[in-house]
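Trainee: I have the next entry open and would like to work through it with you. Could we start with whichever residue you would pick?

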Amino acid sequence: MQIEDKEYLIVEQKAIPSQYLKRHVIVDCYLPKNITDPKKMSLLLINDGQDLPDMHFSSMLNTLFSNEQLTPLFCVGIHTGRERKNEYGTAYVLDFENRGVKAADYQQFILRELLPFLQNAYAIERFKQKAICGFSLGGLSAIDTVWNHPETFSIAGVFSGSLWWRTKNLHEGYNEATDRIMHKKIRDGLFREGLKFYFTTGSMDETADRNNNGIIDSIDDTEALITELKLQGYGSNNIAYINYPDGKHDVATWGRAMPAFLEWGWGVRTSNAV
């Protein structure tokens, strides 16, 4: 079903039946017009795609295309379901409240159902590059998906990511050095050539400060994860991080941050366009 028709962009909504998630998954497809060679088009999947209309994503994308600021990019917003905290966790590792039990299934939905559907529905033999991004818990899901499947994805975008996701409660022997799940996954993993990571936080994301070091947890966890990535061998060409001093943990802030991410990853005049 077509829901928007702009000068440089068509927006269609699809419902995909998923055996992995046992539900129909709604996706909004933001397809650029006048693409002469589909193989030159990249794909960006966006968790919490139901929030994209609130950040006026289609108008934002249409403007970037009209100004010739982006290389061909097909964006797909994946609507979350009722079990968001289970689907958007870290695959194969539950948090201290046993959340994330469907994270592996969500990633299989993406790999085995969503990607083939998009290629078949839009007659795209292959994408030049594939990426996934998300907000808050969706950001955690995005980087976990890329880290688990580097053969498929090469860019993760993490907006105010829930990188605090942990195996122990704060009052049950929590150890910051070992119990943050995504940090441990990266620490125990291997360097994957070509992966890139984009992080944003807001100084007003929250007020929590677990270790009382004067830095809110959102920023602390993000900076610590970047340190783990650097220890694995990723340098400044692989990692970007922007903190917005007036940024909040909300759709308005993430919408404001989105154009910079899109230009970083697929800008016509940036070295990060692959």
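Mentor: Let us begin with I78, which is buried because its relative accessible area is 0%, under the 20% cut-off. Please keep in mind that this is a predicted model.

Trainee: Where is I78 found?

Mentor: I78 is found in strand β5, which covers residues 73-78. Its C-alpha atom is separated by 5.9 Å from that of D48, although the two residues are 30 apart along the chain.

Trainee: Turning to the interior, how many residues does the largest nonpolar core have?

Mentor: That core has 45 residues, and those with the most contacts inside it are L45, F74, F197 and F199. Helix α3, residues 103-121, gives the most to this core, namely seven residues. There is also a second, separate core of 30 residues, which includes V11, A240, M258 and F261.

Trainee: And which residues is F199 in contact with, leaving aside its neighbours within four places in sequence?

Mentor: Among them are I143, V158 and L163, then T222, L225, I226 and L229, and also I239, A240, Y241 and I242.

Trainee: T222 and L225 belong to α7, I believe. Is that helix mostly covered or mostly open?

Mentor: Helix α7 is mostly covered, with twelve of its 16 residues buried. The buried set includes T222, L225, I226 and L229, together with charged residues such as D217, D220, D221 and E228.

Trainee: What covers the buried residues of α7?

Mentor: The covering elements include helices α4 (137-148) and α6, as well as strands β8 (196-204) and β9 (239-248). From α6, residues 181-188, I would single out H183. Leaving aside neighbours within four places in sequence, H183 is in contact with L163, D221, A224, L225 and E228. H183 is itself buried, since its relative accessible area is 1%.

Trainee: How far does α7 reach from its first C-alpha to its last?

Mentor: Helix α7, residues 217-232, reaches 22 Å, close to the 22 Å expected at 1.5 Å a residue. Just after this helix, G233 takes a positive phi of about 115°.

Trainee: Which residues other than glycine have a positive phi?

Mentor: Two to look at are A123, with phi near 50°, and S160, whose phi is also near 50°. Most residues other than glycine have a negative phi.

Trainee: Are those two buried or exposed?

Mentor: A123 counts as exposed because its relative accessibility is 62%, and it is found in the loop between α3 and β6 (130-135). S160 is buried, as its relative accessible area is 2%. S160 lies in the loop between β7 (155-159) and α5 (176-179).

Trainee: Let us change to α8. Where does that helix bend?

Mentor: Helix α8 bends by about 30° at A257, and a proline, P259, follows within four residues. Its end C-alpha atoms are 22 Å apart, which agrees with the 22 Å that its 16 residues should span at 1.5 Å a residue. Its buried residues include W254, A257, M258, F261, W264 and W266.

Trainee: At what angle do α1 and α8 pack?

Mentor: Helix α1, residues 57-66, and α8 pack at an angle of about 35°, with their axes 11 Å apart. The crossing is right-handed. From α1, the contact is made by F57, M60, L61 and L64, and from α8 by G255, M258, P259, L262 and E263.

Definitions and conventions. Residues numbered from 1 in each chain as written. Predicted model: local features only at pLDDT ≥ 70, side-chain atom pairs only at ≥ 80, totals over all residues. Heavy atoms only, no water. Core = buried A, V, L, I, M, F, W, Y, C linked by side-chain atoms within 4.5 Å. Buried < 20%, exposed > 50% of the residue type's maximum accessible area, 1.4 Å probe, protein only. Helix = DSSP H or I, 4+ residues; strand = E, 2+ residues; numbered from the N terminus. Contact = heavy atoms within 4.5 Å. Expected span 1.5 Å × (residues − 1). Bend = angle between axes of the 7 residues up to and from the residue. Axes fitted to C-alpha atoms, helices over the stretch in contact; angles between N-to-C directions. Left-handed = near helix turned anticlockwise from the far one by under 90°.
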